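Here are a few short exercises to help you find your way around a new structure. Try each task yourself before you read the solution below it.

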Amino acid sequence: MSNIRITKQFTFETGHALYGYDGKCKNVHGHSYKLSVTVIGKPITDNTNVKYGMVIDFGDLKKIVKTEIVDVFDHATVFNKNTPHVELAKELSDRGHNVLLVDYQPTSEMMVIDFASKIKTYLPSHIALHSLRLQETDSSFAEWYASDNL
C-alpha cells in the first residue's frame with residue numbers, strides 16, 4: 001500500500017512582539033496566521049475498521065491541532081518569557097488579556113518548530129508528521145519538514 005499525505009488547514013489570530021529586533025516587528029502587532037499540517041501514512045486496509053481507507057480521519061487531525069495549537073494561540077499575545085516583555089505581559093494579563101510566555105523568540109520559524117513538537121506527540125504511532133507551513137502574511141511563511149529534521 002502506498003504512503004499518502006493528508007493536509008488540513010487552520011487559521012488563527014495571534015499577536016506578538018520580537019524583543020531586540022531592529023525593525024517594526026519589535027512593536028506589539030498581530031497576524032492572521034494560516035497553518036497547514038501535513039501527515040503521511042498508509043490508508044487503513046481493514047475493511048471492518050470504521051476508518052477504512054483513511055490515513056487519518058480529518059476530524060481526528062483537527063482535534064489534535066485545535067487543542068494543542070489553535071485554541072492556545074488564537075487571540076493570544078505571545079512573548080518570549082526571557083525578555084523584558086514579561087512586564088508588559090504581566091500588565092496585559094492582569095487586565096484580562098490572553099498572554100502566552102514561550103521559551104523562544106515568537107517568530108514564525110520558532111513557532112513552527114514548537115508546533116511540530118506538539119503535534120508529533122499526539123499523532124497515532126502509524127502516522128508521521130510530514131510538514132507544517134505557517135503563513136504569517138500573504139507573501140511570508142515558514143515551513144518545517146520532517147525530512148529536514150532527521
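A residue counts as buried when its relative accessible area is under 20%. Please keep in mind that this is a predicted model.

**Exercise 1. Helix H1**

Task: Find which residues of H1 are buried, and what they pack against.

Solution:
- Step 1. Apply the cut-off to the helix: the buried residues of H1 are Leu61, Ile64, Val65, Glu68, Ile69, Val70 and Phe73.
- Step 2. Look at what surrounds them: these buried residues of H1 pack against S1, S2, strand S3 (76-80), S4 and H3.
- Step 3. Follow the course of the helix: H1 bends by about 50 degrees at lysine 66.

**Exercise 2. The sheet**

Task: Work out the order of the strands in the open sheet, and name the edge strands.

Solution:
- Step 1. Walk across the sheet: its 6 strands come in the order S4-S3-S1-S2-S5-S6, and the pairing is mixed.
- Step 2. Recall a general point: strands of a sheet pair through backbone hydrogen bonds, either parallel or antiparallel.
- Step 3. Go to the two ends: strand S4 (99-102) and strand S6 (140-145) are the edge strands, as each pairs on one side only.
- Step 4. Check the twist: on average, neighbouring strands of this sheet are turned by 30 degrees against each other, direction ignored.

**Exercise 3. Strand S5 and its partners**

Task: Describe how S5 pairs with S2 and with S6.

Solution:
- Step 1. Take the S2 side: strand S5 (residues 128-137) pairs with S2 in the antiparallel sense over 7 bridges. Isoleucine 40 has alanine 128 in S5 as its bridge partner, and lysine 34 has glutamine 135.
- Step 2. Take the S6 side: S5 and S6 run antiparallel and are joined by 6 bridges. Here threonine 137 has serine 140 in S6 as its bridge partner.
- Step 3. Look at the connection: S5 and S6 form a hairpin, with 2 residues between them.
- Step 4. Ask how covered the strand is: 7 of the 10 residues of S5 are buried, so S5 is mostly covered.
- Step 5. Find a helix over this part: H3 lies across S1, S2, S5 and S6, and runs at about 150 degrees to S5.

**Exercise 4. Aromatic rings**

Task: How many aromatic pairs does the structure hold, and which residues form one aromatic cluster?

Solution:
- Step 1. Count the pairs: the structure holds 3 aromatic pairs.
- Step 2. Take one of them: phenylalanine 12 and tyrosine 33 are stacked, at 5.4 Å centre to centre with 20 degrees between the planes. Phenylalanine 12 lies in strand S1 (residues 4-16) and tyrosine 33 in strand S2 (residues 29-41), so this pair ties together parts that are 21 residues apart in sequence. Phenylalanine 12 counts as buried at 1% relative accessibility, and tyrosine 33 is buried with a relative accessible area of 1%.
- Step 3. Take another: phenylalanine 73 and phenylalanine 115 are edge-to-face, at 4.9 Å centre to centre with 75 degrees between the planes. Phenylalanine 73 is in helix H1 (residues 58-73) and phenylalanine 115 in helix H3 (residues 108-122), so this pair ties together parts that are 42 residues apart in sequence. Both phenylalanine 73 and phenylalanine 115 are buried.
- Step 4. Put the rings together: Phe12, Tyr33, Phe73 and Phe115 form one aromatic cluster.

Notes
Residues numbered from 1 in each chain as written. Predicted model: local features only at pLDDT ≥ 70, side-chain atom pairs only at ≥ 80, totals over all residues. Heavy atoms only, no water. Phe/Tyr/Trp six-rings, centres within 6.5 Å; stacked < 30°, edge-to-face > 60°. Helix = DSSP H or I, 4+ residues; strand = E, 2+ residues; numbered from the N terminus. Buried < 20%, exposed > 50% of the residue type's maximum accessible area, 1.4 Å probe, protein only. Pairing = 2+ DSSP bridges. Axes fitted to C-alpha atoms, helices over the stretch in contact; angles between N-to-C directions. Contact = heavy atoms within 4.5 Å. Bend = angle between axes of the 7 residues up to and from the residue.
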